[in-house]
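Dear colleague,

Please find below the structure for your examination. My notes on what was found in it follow directly after.

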Amino acid sequence: MSNSKQAVPDTLPLLRDRIDSIDSQIQMLINERARCAQKVAEVKLAEQGGEAVVFYRPEREAQVLRRVMERNEGPLGNEEMAKIFRQVMSSCLALEKPMRIAFLGPEGTFTQQAALKHFGKSIISAPMAAIDEVFREVESGAANYGVVPVENSTEGVVNHTLDSFRDSRLKICGEVEERIHHHLLVSPNINSEDVTHIYSHQQSLAQCRAWLDRYWPHVERVAVSSNAEAARLAAEAGRSGRAIAAIAGEVACELYGLTKVSANIEDRPDNTTRFLIVGNQEVPQSGKDKTSLLISAKNEPGALYRLLEAFERHGVDMTRLETRPSLMSRWGYIFYIDFVGHYLDDECRAVIDELRERASEVKVLGSYPVAVL
Ligand SMILES: O=C(O)C(=O)C[C@]1(C(=O)O)C=C[C@@H](O)C=C1
């Protein structure tokens, strides 16, 4: 193989010859990598034989992507380079076994965008109508993994997702963050001044509340099951001449052939949503992990204090605390806690052991690599 740092020619034909030659080397190497992945699949099949074979390895993928970013010298940026390798691994995994990924649909939701960001494009998409359907699809084995939204930087937690973990045996296998840009969309044949209703998911309506109050104070807001569904309804209404607008993202805008009346209308420019990957496997340590717990506290004075104190004493960094009412007892609570570290790390294990002594129930929802992209 030629030296990658040899002098760059300076005429167009010579530069293109050089690009052609580099492309053929990259192609050969990608296929060599793909053959290794095929071999990995054979080894996994031989080793895990009788049981359900685990092809997708989130901890290994996170390590590969982190290493790509660490050794990157440019001129391509770290994230750009990692995205390329993200897709290479996605193709390699699909060669080992195509992954069916359930997500909160329909096609075009931010959750689909998050699924593609996390797994790459070589997946089989399975849009579901509701968050609990995503859980059921993965629990039944019909899908390999699921992707659900869990919190938004403007609007806070997605209660449906947290509540679904109460009765589910699924584990969190990963997280992904996505910057959320909302647009006001109408069918191309509709005049925006005629708009009578604005449809969107309730979280999206809330994320654009100040903008809507200011520019569309007298138009009725209607919450529907997703922003992609809002876009679909706006497109359908447009076909019969009804002036309904939707608030949705780029993917939905393109998918349903809508026109942007206003772009980036979210109240906060750093509006970000965090999504979780759920599956049937426990993920080993990747070197940079997070853990999520569900805790039922005893209903007595100082209960929460005693839980939190354990984190401080062992120097474990808690990143999130959510409270939900317990369905079992009136005025009982369930806490959802995220912290930095893997449940197999010594200090995390010590915290979890102590929490078990102090709470009526501690469920480890999963340890998983911190989002790389
Ligand atoms: O290392 C593995 O276990 C592989 O299957 C290979 C590979 C890769 O392409 O690098 C592919 C899929 C896994 O999710 C992780 C990594």
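I26 lies in helix α1, and together with I22 and I30 this residue makes a nonpolar surface patch of about 230 Å². The relative accessible area of I26 is 42%, so this residue is classed as partly exposed. Please bear in mind throughout that the model is a predicted one.

Helix α1 also holds N31. With a relative accessible area of 39%, N31 is likewise partly exposed. From N31 to T109 the distance is 33 Å, C-alpha to C-alpha, and the two residues are 78 apart in sequence.

The ligand

Which residues lie around the ligand? They are R33, V40, K44, F55, Y56, R57, R60, E61, M89, C92, L93 and E96. By class, this shell divides into six nonpolar and six charged residues, with no polar ones. Three helices each supply at least two residues of the shell: α1 (12–48), α2 (58–71) and α3 (78–96). Of the elements in the structure, α3 gives the most, with four residues.

Oxygen atoms of the ligand take part in the following contacts with the protein:

- R57 places a backbone N or O atom 2.9 Å from an oxygen atom of the ligand.
- E61 has an N or O atom in its side chain at 2.6 Å from an oxygen atom of the ligand.
- E96 has an N or O atom in its side chain at 2.5 Å from an oxygen atom of the ligand.

On its own the ligand has 360 Å² of accessible area, and the protein covers 90% of that area.

A buried arginine in α3

Helix α3 also contains R86. Is R86 buried or exposed? Its relative accessible area is 5%, under the 20% cut-off, and R86 is therefore buried. The side chain of R86 reaches the backbone oxygen of H118, at 2.9 Å.

Salt bridges

How many salt bridges does the structure hold? There are 26. Three of them are described here.

One salt bridge is formed by the side chains of R274 and D338, at 3.2 Å from N to O. This pair links distant parts of the chain, since R274 sits in strand β11 (residues 272–279) and D338 in strand β14 (residues 333–340), 64 residues apart. Both partners fall under the 20% limit for a buried residue: R274 has a relative accessible area of 5%, and D338 has a relative accessibility of 2%.

Another salt bridge brings together the side chains of E309 and R313, at 2.7 Å from N to O. Here both residues belong to helix α11 (residues 303–313), and because they are four residues apart, about one helical turn separates them. R313 is partly exposed, its relative accessible area being 45%.

A further salt bridge joins E322 and R320, whose closest N and O atoms are 3.8 Å apart. E322 and R320 are both buried. Through salt bridges that share partners, E151, E175, R274, K290, R320, E322 and D338 are joined into one network. The R274 and D338 pair described above thus belongs to the network that also includes E322 and R320.

Backbone features

Where are the cis peptide bonds described here? One joins G74 and P75, with omega at about 10°, and P75 is found in the loop between α2 and α3. Another joins G105 and P106, with omega at about 0°. P106 has its place in the loop between β1 (100–104) and α4 (110–119).

N264 has a positive phi of about 50°, although this residue is not a glycine. The loop between β10 (259–262) and β11 is where N264 is found. At 44% relative accessibility, N264 lies between the limits of 20% and 50%, so N264 counts as partly exposed.

When you open the model, the points to look at are the ligand with its contacts to R57, E61 and E96, the salt-bridge network that includes R274 and D338, and the cis peptide bonds at G74 and P75 and at G105 and P106.

With kind regards

How values were computed
Residues are numbered from 1 along each chain as its sequence is written. This is a predicted model: local features need pLDDT of at least 70, side-chain atom pairs count only at pLDDT 80 or more; totals for chains, interfaces and linings use all residues. Side-chain values use heavy atoms; hydrogens and water are left out. A residue is near a molecule or strand if one of its heavy atoms lies within 4 Å of it. A polar contact is a pair of N or O atoms within 3.5 Å; within protein, one must be able to donate a hydrogen and the other to accept it, and residues adjacent in sequence count only if both atoms are side-chain atoms. Accessible areas come from the Shrake-Rupley method with a 1.4 Å probe; for residues, only the protein chains shown count as cover. Ala, Val, Leu, Ile, Met, Phe, Trp, Tyr, Cys and Pro count as nonpolar, Asp, Glu, Lys and Arg as charged, and the others, Gly among them, as polar. A salt bridge is a side-chain nitrogen of Lys or Arg within 4 Å of a carboxyl oxygen of Asp or Glu. Buried means under 20% relative accessible area, exposed over 50%, partly exposed in between (1.4 Å probe, protein chains only). Patches are made of residues with over 30% relative accessible area and no salt bridge: like charges are joined within 9 Å, nonpolar side chains (Val, Leu, Ile, Met, Phe, Trp, Tyr) within 5 Å.
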